[in-house]
Amino acid sequence: MKVNKRLGLVVVILCLTLLPLMASGVAEATKQKMLAANSNESLLQKSDSILSVHESDYNNFIIYRTKDFRGHTNDGMYYEGYLNGRFYCYYGVYFAAMPCYDMGFNPLEDNIVFNEVLTSYETATEMKINGNQILLKTSVAPDKVQETLECFGLEYVEGDCISNSYVLDAESLLLQECTTIISRADGTVVSRAKQTLTLDAEKPEIIEEIYNRLTAENQQEVTIVLDPGTEIEETFTGYFIEGEDIDVYLPGGYMYLYTDAACTDLYGEGENSGIVTVNRAGTLYSKHE
C-alpha cells in the first residue's frame, strides 16, 4: 500500500497542534470541577468543620467554618466571628466597624476556599496525575494581574505574573494545598503564598475565644441609626457582653453618637471622634457632620 508522505506529515503536525489544546482543555475542565468540589455547599456536606490556612510573606490569615459559624483572623491580631446573625470583632479591643455590620450582609455566604472573581481570572495551563494526587497549574491573565495584586494589597510592576499550583485529591478533587507565586517579567520571584485546607478541623485557639463570646450568656444588643428620619437612614446592630465595653467605629463623616433621634444629646464625652465606646444596650443615633 502506498502511503502519502505529505498527508502523513500533515496528520503528525495536526496531532502535535491538537495535543496541547486538548491538554489545556482537560486542565480547564479540571479547574471547573475543582471549584465545584471546594464550594461551601460541597465542603459542608463532607465535613462538619473546615479550616483554611493562608500563609505568605505579606499576610497570614485563617478561616474556620461550620454550617452556622465563621471565624477568621488576620495575622492573629484582627479577627471576627459570626454566629446566628451576631458578630464580634477584635483588634486590641472588641469593636463594631459599622460598614461591616449591616445585617443584610451575610459573611456565611462568602466562599471559604476560593475568591470567585479572582479565580475567574485564572487559566488552567497544565495538569498531572501523581498517584492519588492531581497537580493543576494556572496562570492569571496578564490584563488581570494588576487588579489581582491590588486585591492582595500589593504594588503592581509592569510585566508582573501570577501562577498557581493546586494539589488536589485525585478522587474527590478536594484542595490539599495551593502555592501562589508572584514574579517579575524577568522571572524573579517577589512573593510566595501557601494555602492549605483541612476538613473536620478543631477550632484554633484564637477562634475558640471569639466563639465563646458569641455563645456567652448576657448578650446585649446596641442599635446604631445613621441619619435618622432622612432618605439615607441606615440601621446597624452590634452586640456585647453585659458589663463590658464595645468600641463603635463610625463611617467617615460621622463623628459622634447621640441618645436621641434629633441628634442633639451627645452620648459619652466625644473625645474620640468617629470611635465611640458603648456600654449600654438600646438605640443610639449619629448624623453626617
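In this predicted model, E28 has a relative accessibility of 24% and therefore falls in the partly exposed class, just as the cut-off for burial is set at under 20%. Its salt-bridge partner is K31, and the N to O separation between the two side chains is 3.8 Å, inside the 4 Å limit that the assignment requires. K31 has a relative accessibility of 2% and so counts as buried. The pair thus joins a partly exposed glutamate to a buried lysine. Both residues belong to helix α1, which spans residues 5-37, and because they are 3 residues apart there, about one helical turn separates them.

The E28 and K31 pair belongs to a total of 6 salt bridges in the model. Another of them links K128 with E126, whose closest N and O atoms lie 3.3 Å apart. Here both partners are partly exposed: K128 has a relative accessibility of 47%, and E126 has one of 27%.

A further salt bridge brings together R184 and D160, with 2.8 Å from N to O. R184 sits in the loop that runs between β10 (175-183) and β11 (189-199), while D160 sits in the loop between α4 (145-152) and β9 (161-169); the pair therefore ties together parts that are 24 residues apart in sequence. As for accessibility, R184 is partly exposed at 27%, whereas D160 is buried, its relative accessible area being 5%.

The loop holding D160 follows α4, and this helix rewards a look of its own. Which residues of α4 are buried? They are V145, T148 and L149. Around the helix axis these three residues cover an arc of only 95°, which means that they lie on the same side of α4. E150 and C151, by contrast, are exposed on the other side of the helix. The accessibility classes thus follow the faces of α4, with V145, T148 and L149 buried and E150 and C151 exposed opposite them.

What do the buried residues of α4 pack against? Their partners are the helix α3 (116-119) and the strands β8 (133-140), β9 and β10. Two of these strands also flank the loops joined by the R184 and D160 salt bridge: β10 comes before the loop of R184, and β9 comes after the loop of D160. Just beyond the end of α4, G153 adopts a positive phi of about 80°.

Note on methods:
Residues numbered from 1 in each chain as written. Predicted model: local features only at pLDDT ≥ 70, side-chain atom pairs only at ≥ 80, totals over all residues. Heavy atoms only, no water. Helix = DSSP H or I, 4+ residues; strand = E, 2+ residues; numbered from the N terminus. Buried < 20%, exposed > 50% of the residue type's maximum accessible area, 1.4 Å probe, protein only. Arc of directions from axis to C-beta. Contact = heavy atoms within 4.5 Å.
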